[in-house]
Amino acid sequence: MLYRSLVGSIALTVALLVTFSSAQAFDESKYPDLSGQWRRTATGQTRYDPSKPAAAQQAPLKEEFKAIHAASIANQNAGGQGLDTAYRCIPMGMPRQMSGTFPFEVLVRPDVTHILFELVIYSTRRIYTDGRNWPKDEDPTFAGTSIGKWVDTDGDGRYDVLEVETRNLRGPRTWDQTGMPMHEDNDTVIKERFFLNKADKNLLHLEMTTMDGSITRPWSATKSFRRQDKVRWMENNCTEGNTHVAVGQENYMVSADGYLMPVRRGQEPPDLRYFSPTKK
């Protein structure tokens with residue numbers, strides 16, 4: 001009995017020491033304060049490069065992807081959704097989910113930084129800063145695998161920049177809501193630098209460079225987010241009240257009176273081969 005009590009006491013002491021050591025290891029003063037709710041500063045339609053209008057992004061698309069994009073826009077102009085999969089409630093994935101359609105928050109720990117989004121079709125991001133290598137057998141995800149490191153750029157003993165690289169992505173993904181396509185091979189590589197504005201600690205900057213098979217060169221953009229004075233989190237549930245119906249590659253809608261209807265002029269109905277003719 002005495003032996004069991006001694007073993008239990010040792011185990012408890014070790015657990016407490018590990019917990020205390022872990023708590024001591026995380027010195028919050030060494031990291032920038034990224035707490036709170038962040039919203040994009042850019043106005044108008046969300047897009048990859050906020051410095052340019054949504055309709056004039058000047059993306060360095062390869063010719064074949066320019067043609068695919070043009071077809072997507074034509075489909076949207078006719079009432080369809082083009083290549084944009086958001087109406088299906090499929091996660092938008094990286095890099096699009098960092099465009100700031102809805103607010104997010106950042107939780108910093110020594111081994112991982114979490115980015116949590118209000119919009120349910122933005123996947124939670126986990127940026128690992130524990131020195132791990134790239135996984136060899138991990139399933140790809142829309143948000144991808146993100147590995148980062150904290151950097152003290154001015155030598156004051158405090159980290160001020162989070163550098164991140166993201167790989168291992170799955171598709172389909174698009175650059176934006178116009179259906180600007182990304183390459184189907186999903187060999188996308190995204191590099192990011194997060195840092196607070198030195199003159200305004202409530203302004204978060206994100207420098208992003210994306211390499212993808214759909215473009216002729218790496219595409220860079222800077223996004224900025226403002227920390228909110230009044231925090232209000234909403235539930236943005238894509239599936240609730242969604243009237244869109246996807247059948248194969250076609251998009252239809254459910255009318256207010258509950259009937260399937262086309263979304264563009266001349267659209268063919270879906271194949272109803274498995275339904276019996278309606279008796280009147």
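A residue is called exposed here when its relative accessible area is over 50%, buried when that area is under 20%, and partly exposed in between. With those cut-offs in hand, the tour can begin, bearing in mind that this is a predicted model.

Select F275 to start, in the segment that comes after β12 (260–261). Because its relative accessibility is 61%, F275 counts as exposed. Now add L272 and Y274 to the selection and show the surface: together with F275 they make up a nonpolar surface patch, whose accessible area comes to about 460 Å² for the three residues together.

Next, move to V245, which belongs to strand β10, spanning residues 244–247. V245 has a relative accessibility of 25% and therefore counts as partly exposed. Keep V245 selected and add L260, which is 15 residues away along the chain; a distance drawn between the two C-alpha atoms should read 8.3 Å.

For the last stop, select G82, L83, T85, P172 and Q249, the residues nearest the centre of the largest pocket, whose lining consists of 28 residues. The volume of this largest pocket is about 630 Å³. Colour α2 (63–77) and β11 (250–254), each of which supplies at least two residues of the lining; α2 gives the largest share, with five residues. If the lining of the largest pocket is then coloured by class, twelve residues appear as polar, ten as nonpolar and six as charged.

Methods. Residues numbered from 1 in each chain as written. Predicted model: local features only at pLDDT ≥ 70, side-chain atom pairs only at ≥ 80, totals over all residues. Heavy atoms only, no water. Patch = residues over 30% accessible without salt bridge, like charges linked within 9 Å, V, L, I, M, F, W, Y side chains within 5 Å. Areas by Shrake-Rupley, 256 points an atom, 1.4 Å probe, with all protein chains shown as cover. Salt bridge = Lys/Arg side-chain N within 4 Å of Asp/Glu carboxyl O. Helix = DSSP H or I, 4+ residues; strand = E, 2+ residues; numbered from the N terminus. Buried < 20%, exposed > 50% of the residue type's maximum accessible area, 1.4 Å probe, protein only. 1 Å grid on protein atoms, 1.4 Å probe; cavity = no way out; pocket = protein on both sides within 12 Å on 5 of 7 lines; lining within 4 Å. Points joined across faces, edges and corners; volume = space filled by probe spheres on them. Nonpolar A, V, L, I, M, F, W, Y, C, P; charged D, E, K, R; others polar.
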